[in-house]
Amino acid sequence: LESWVKQIREKGATVIICTPMNRHTFTNGKVTDSLAPYPDKVRAVAQLDKVPLVDLNKMSATLYEALGEVGSNQLFEHQTPEGKHDGTHHSPMGAYELARCVTEGIRQSCPELAKHIKEEVKPFDPAHPDFQSESEFKVPPSTVKLTMTPLGS
């Protein structure tokens, strides 16, 4: 990770480090840290190399806990033959909420990049997700209109 930071800086790009999201595992109503020691190592590199950090690990735990163990199941795709989620692969709603976490992390840790976030993207608190259930979640239609046929069609 430190080598990547160095190489990215040498190319003149903005470096931002993001911790890994949590897995969906709970113990007594709290997200279980199943990724130790990786998030702490990422945090240490960010601090050592003075790199902006998006702590998706912490934000995703807050997000999952805000919905509760059962409620946060809807943030994950069903992957097992038994129809249960695997705790890693997110549903469209889960991907949306994590993207909101990353955007907020950029807003808080990297002001020079945050100025490029569209004004209509309001601040986000993972303790108060935008959606409480899949039935509330609607992906708006894209405003992009293709004027050419996509390759391979």
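Which residues are linked with R43 in a network of salt bridges? In this predicted model, the network joins D40, R43 and D55. It belongs to a wider set of charged pairs, a search of the whole structure having found six salt bridges.

Within the network, D40 and R43 are paired with their closest N and O atoms 2.7 Å apart. Both residues are located in helix α2, which spans residues 38–48. Their separation of three residues corresponds to about one turn of the helix. R43 also meets the side chain of D55 in a salt bridge, with an N to O distance of 2.8 Å. This second pair links distant parts of the chain, since R43 lies in helix α2 whereas D55 lies in the loop between β4 (53–54) and α3, 12 residues apart. The burial of the two partners was also computed. R43 has a relative accessibility of 23% and therefore counts as partly exposed. D55, at 15%, falls under the 20% limit and so counts as buried.

A further salt bridge is formed by E104 and R107, whose closest N and O atoms are 2.8 Å apart. Both residues belong to helix α4, and they are three residues apart, about one turn of the helix. E104 counts as buried because its relative accessibility is 6%. R107 reaches 24% and is therefore classed as partly exposed.

Helix α4, which covers residues 92–109, also gives two or more residues to the nonpolar interior described next. The largest nonpolar core comprises 16 residues. Those with the most contacts inside this core are V31, L63, Y64, L75, M93, L98 and C101. Two elements, α3 (56–71) and α4, each supply two or more residues to the core. Helix α3 provides the largest share, amounting to six residues.

The surroundings of L98 illustrate the packing in this region. When residues up to four places away in sequence are not counted, L98 touches M21, L56, S60, L63, Y64 and H90. Of these neighbours, L63 and Y64 are themselves listed among the core residues with the most contacts.

Apart from the largest core lies another core, made up of seven residues. Its members include V5, V15, V45 and A46. V45 and A46 fall within the residue range 38–48 of helix α2, the helix that also holds D40 and R43.

Key. Residues numbered from 1 in each chain as written. Predicted model: local features only at pLDDT ≥ 70, side-chain atom pairs only at ≥ 80, totals over all residues. Heavy atoms only, no water. Core = buried A, V, L, I, M, F, W, Y, C linked by side-chain atoms within 4.5 Å. Buried < 20%, exposed > 50% of the residue type's maximum accessible area, 1.4 Å probe, protein only. Helix = DSSP H or I, 4+ residues; strand = E, 2+ residues; numbered from the N terminus. Contact = heavy atoms within 4.5 Å. Salt bridge = Lys/Arg side-chain N within 4 Å of Asp/Glu carboxyl O.
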